[in-house]
Amino acid sequence: MSTNKLNSPAELVALKERLEKNRNANKTVVTVCAGTGCMACGCDAVLKTFREECANDRLENEVEIKATGCHGFCERGPLVVVHPLGVFYQRVKPADAKLIWEQTVKGGHLVNKLLYRDPQSNQIVKNEKDIPFYKKQMRIIFGKNGFMDPTAINDYILLGGYQALAMALTKMTPEQIIDEVKKSGLRGRGGGGFPTGKKWATCRAVKVEPKYTICNADEGDPGAFMDRSLLEGNPHQVIEGMLIGAYAIGSHEGFVYVRNEYPLAVKNLTIAIKAARDCGFLGENILGTGFSFDIEISRGGGAFVCGESTALMASLEGKVGEPRAKYIHTVESGLWDKPSNLNNVETWANVPPIIERGAEWFASIGTDNSKGTKVFALTGKVNNTGLVEVPMGITLREILYDIGGGVPRGKKFKAVQTGGPSGGTLIVETAEPKIHASMVAYGDLRDEDEAISLLDLPVDFDELTRAGSMMGSGGMIVMDEDSCMVDIARYFIHFLTEESCGKCVPCREGLVVMLNILQKISEGKGTIEDIEYLEELSQVIIDTSLCQLGGSAPNPVRSTIRYFRQEFLAHVIDKRCPAGVCKDLVSHAIDNTCNGCHACLKSCPTNAIVGEPKRLHYIIQDKCIQCGACYQICRYNSIKRIKHGEGDKLQERARELWQPPLKKVTAEVA
Amino acid sequence: MSFEPRIVGFLCNWCSYTGADLAGTARMKYAPNVMTVRVMCTGRVDPGFVLDSFRAGADGVLVCGCHFGDCHYVEGNHKCMRRIAITKRILKGMGIQPERLRLEWVSASEGARFQEVVNSFTEEIRGLGPIRLKEWAFVPEQVEAAAAAHGE
Amino acid sequence: MDKAKITIDGQQIEVDDGSYVLEAAKSLGIEIPTLCYYPYMVPYAACRICCVEAHGAGGWSKIVTACNYPVWDGLEIFTDTPRVINARRTNLEMLMANCAPVPVLQRLAEQLGITEPRWKTGSNYTCILCGLCVRICDEVVGAHALAFINRGAKRDVSTPFQLDSESCILCGACAKHCPTGYIKMEEIENRYIVHQEMNLSPNAAITLPFRQAVPNVPQIVRENCIHFKTGGCMVCAKVCPKDCIEYGDRPNFEEVEVGAVVIATGFDSFDPTPMKQYGYGKYPNVISSEEFEVMNNAAGPTGGKIVMENGAEPRAIAILHCIGSRDHDYHKYCSRVCCMYSLKFSHLVKEKTSAEVYQLYIDMRSFGKGYEEFYSRILDEGVNVIRGKAAEVVPSGYRQHEEGHLIVRCEDTLIGKYREIPVDMVILSTALEARRDAKEFGRKFNISTGADGWFIEAHPKLAPVSTTTEGIFLAGACQGAKDIPDAVAQGGAAAAQAMKLMAQGEVMMDAAYAVIDEAFCSGCKMCNDMCPYTAISFDDAKKVSVVNSALCKGCGTCVAACPAGAIMARHFTDEQIYAQIEGILA
């Protein structure tokens, strides 16, 4: 790593050229994804194996082993790419690493069993970019991840890093930068979607010193991890974005507020900041232009609410992370009552490409009001989970089917939840009839009850909001037919009850009331009024909450009621859980298709299933705790989730079959 | 008839004289041997008064003043104390037992104390016996002998 | 400052730019309910009860909180639209759903027309988390001893780590501002109720120096004032409409020229704590007569009710006479007033309660006009009088069901028997004693104190209000234990004496002063330093010392010191004294 301080943009160019010259384009590079997902799958051991092999064969000079940032395809981790061939291996185990070393690196042959196989066409795919998961993606922000070691600043410089900074500092005035960002149409990626250029312009206009530049890396949404991956995989791009932003608004101090639960992100960011400082990108007189800026890392304690800008600033100040009213904006009076410009990790990462490639290029991507790309964390009941970066305006169908690869085990899509816990759940398809009988009876039919499938909804800020959800930070949880919407709403409200800071009444007390009502409904004790109460409470909480956490907290309930009213009504009127999730409303029973494979019997934790191999099995209703273990394990779809208390109706034959032994069992128990 | 000493008492106007008055109004009995001379302050007590008293035939001299800090004239009693110490040395040189001169502090409220002081001093003088100053002729050798007898 | 024109419910008002809607509404007389608002702190906007509807130029409208919404020109506010009322009601209902029915919520509910919240989560927590306590401690007091702990529904108010906070200055501001009584000052509230009133309040920082003080204006007690502990608070200055609060003010000395001084410094009440046998300070229901008097005060802590420490009415009271009086270990004198006030106490007890009263006395001294008649009346009222001094007061430990009650042990000398009297309360009729600083105080005026500490008059019969110092007079109990009529009479006499002095307009000097005979003065200056009044100066022209006869008090110290015998003390000349000596020894 270079520790020579760069004193001018020319030196940066010279360094890049020198690095390019020294690089051997034909040198074999084995890149192993060291993102958090792959780390969990054991990429460490894979990396170690490669390094050992390399050392054994004394090929250190010929082959480079590189641990890179996240590639995004976490479902298939650990991922290994061998350059310059560009062969993409997935689910690599340490033993496989040896194989790859022998076959591909040394021999130049492919290892077929480790290549990606398209589930639809059953075709083997060799290169990363040809995999359907990547095909539809547009990786502006994540693109560099796979090619660089996040701890090596030279890798980043080699890939054109800090060129945008040099350009901004030498060839552009702050006003020009703000204009450029305005023209690009970049909107905050943290959730609110506020135009970034406008924010910067307001902050620049405030005549108070000092000004603070803050990067919000307090990513708390369950299932979302793009900010984490970005900080882990390419921290320099975020630093560069902050530098350009700071120059534009006239700030000399910056903070990165990052969760302490992200140790790797903190580590890589710390290394990156130090390296940037050593190279003269941070500190006094950056690149000899007279501009000074430095970044400090502040580690958060993991409160969800600290992702809210004012709460984050309170936390930065060392106070309790509590939001305050934003009637006076933080760009005017934020951190320590000074103008503070806060943007999300992803927003900052978008800045260097905009400066480098121009606003027109950026504005050409996306829809009218939402430009550029967005990273989504695709999780839940989908085949290809991972991080996907897609252009704005892509449809849900493309994300779910083309990139996500559909629902596992042939189940049906039911809904997509976007925007984190306070986002909304959108209907996609439903296995249930869309109109509940009672709706007709009560004359309670609404437009939404037509249950249009939103599968072709273009994904951008405005469309999602219009549909009753939000972009949020980009979490995307896919649900299949086995997900109960009441349960989903209850889960998210529970999460928010726990994570509400508790400052204002509607969020603290209102969510508890809502949770209580949802609990009641899921226990089958709800009434029609309860649904109305939920809607009324939602409205008041949205109206009167202090911050956006509270203001969007009822979204999961509102959107589920909007799109899945029939499911709520089923719970309330029929006392039935269509998805068979709410334990108090469901019974498990075995129908006559059971072939007596015995799998369920072994899985039952309470020994509620009786039966002999090859004969019809029976679930003793009194002993069943509705855990669903048998349902998950049954390969013949013989176990049914039906209305509570009707279990024996379905099992009549089996019951007769097992009556005598059952009596014996009962007698023994007695 | 037993020896009845004659004692001159110098009492300060503010404390001791009032104290004596109190003893009187309280009908306390005390030895009638002390005959008082009122002065405004014990600071007024000139050593000459003491010497003259002895010359005139007093068997003892009692000076009573205010307690320290109580002096009506702030610090007259301090000055008196110093003068009495010197006077005692003069007395010794003259062959008069210094015990015949006593300084006491009696406040205005201490009638009982005045009674006790007078009684005890009278008894002490009674024990010392009458002073015989008049009968002496001034013979230096005798004076020296007397001084030697007092263990100088 | 810039002004902003806003409209609230159709009424126009011009207010300072940057002020908040709530203040503007208040000045228009429009009431907006609040729970977490306190005028001297940064608005917190947590309760959301004060929400109003804001309308802007573009036709938009939204719900905002009045307490912290800054006004801007052209803003239109509605405080009673259905949307606002619904928001307030629903918020209150949410709050009530998770909260015990505390009065502050009930009142607000009544105001908003809620009879019963539609939801109830079964929580009976009395804290509404308005944050007043935390913010008072933080912003006003500046002690930072309180904080919110936990998040969301588990949020609570506590000291850090729920330990006793070292930062807490025990100011009680949090408890005072808690609208629901969730915060209590346990230690302080448990202090005996009468003791509280003795100091007016446990740590009141603004009090009268003492009851009926003249002038009757409050003062800041620095030891208790939050401002002097943390530098914060200053709420009194914000509240005072006349800007009377002056933190820099300190007690200072003022010199007043007077022609006469009347000393009326009163007495101290005997502290019965050393008399362990009576258990004062140990048993809460053993109180001194002064404390009982405070309790009887209609404006006092109990509103004039006679109650025990637990607030219940006592069933039997013993009044113990001669506590510290007529006692060889404490004061030998009779305090003169105790018999009568003890009788008055029993009369009050009989009047206000149905308690039995026992008087334990040595001798009943009802000597004044009408006093004996009062004594007879008390006897007729059924007060038990027992001749015999109480030996000790003990708790009635051996009778379980009477725990906490007291037993007074004594000998009834009239029947010659040992008695144990069970009572609920014991009043100690404590002695009157001289002020503890009387001696020191008297020294300033050159007046002396007796063995008991009372100031001594010039003559008990002939000059009962004069002192040995000219122009200094005594009045009241500083001269000796006496009751009110006597004190008033003496006060009148002292005033008359002082008036006499002043009416004369000039003071006759005592002729007893020193004179220096210039012919004899050698100019040694020995006398100059001798004089405590600096009455002697040196005349440089004549080279002799000179006495200023107006300053000279005639002590004669200089006369005794003059080596030349040049100074003559008038009326006490050497010749006069020698003559006296000569005379008495003749």
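**A parallel sheet in chain C and the side facing chain A**

In chain C of this predicted model, five strands make up an open sheet, arranged in the order β12-β19-β13-β14-β15 with parallel pairing; strands (E, at least two residues) and helices (H or I, at least four) are DSSP runs numbered from the N terminus, and two strands pair if DSSP finds at least two bridges between them. Because β12 (286-288) and β15 (384-387) of chain C each have a single partner strand, they stand at the edges, and one side of each is left without a neighbour in the sheet. On average, neighbouring strands are turned by 20° against each other, direction ignored, where axes are lines fitted to C-alpha atoms, for helices over the stretch in contact, and angles run from 0 to 180 degrees between N-to-C directions.

Within this sheet, β13 (residues 316-323) and β14 (residues 356-361) of chain C are joined in the parallel sense over 5 bridges, and Ile319(C) stands opposite Gln359(C) in β14(C). Helix α11 (residues 338-352) of chain C lies across β13, β14 and β19 (425-430) of chain C, and runs at about 170° to β13(C).

Between the chains, 28 residues of chain C are in contact (C-beta atoms, placed from the backbone, within 7 Å) with 28 residues of chain A. On the side of chain C that touches chain A, two or more residues each come from β4 (61-65), α2 (82-97) and β6 (147-149) of chain C, with α2(C) giving the most, 7 residues.

Residues are numbered from 1 along each chain as its sequence is written, and chains are lettered from A and ligands numbered from 1 in the order in which they are written. Local features need pLDDT of at least 70 and side-chain atom pairs count only at pLDDT 80 or more, whereas totals for chains, interfaces and linings use all residues.

Technical notes. Two residues are in contact if their C-beta atoms, placed from the backbone, lie within 7 Å.
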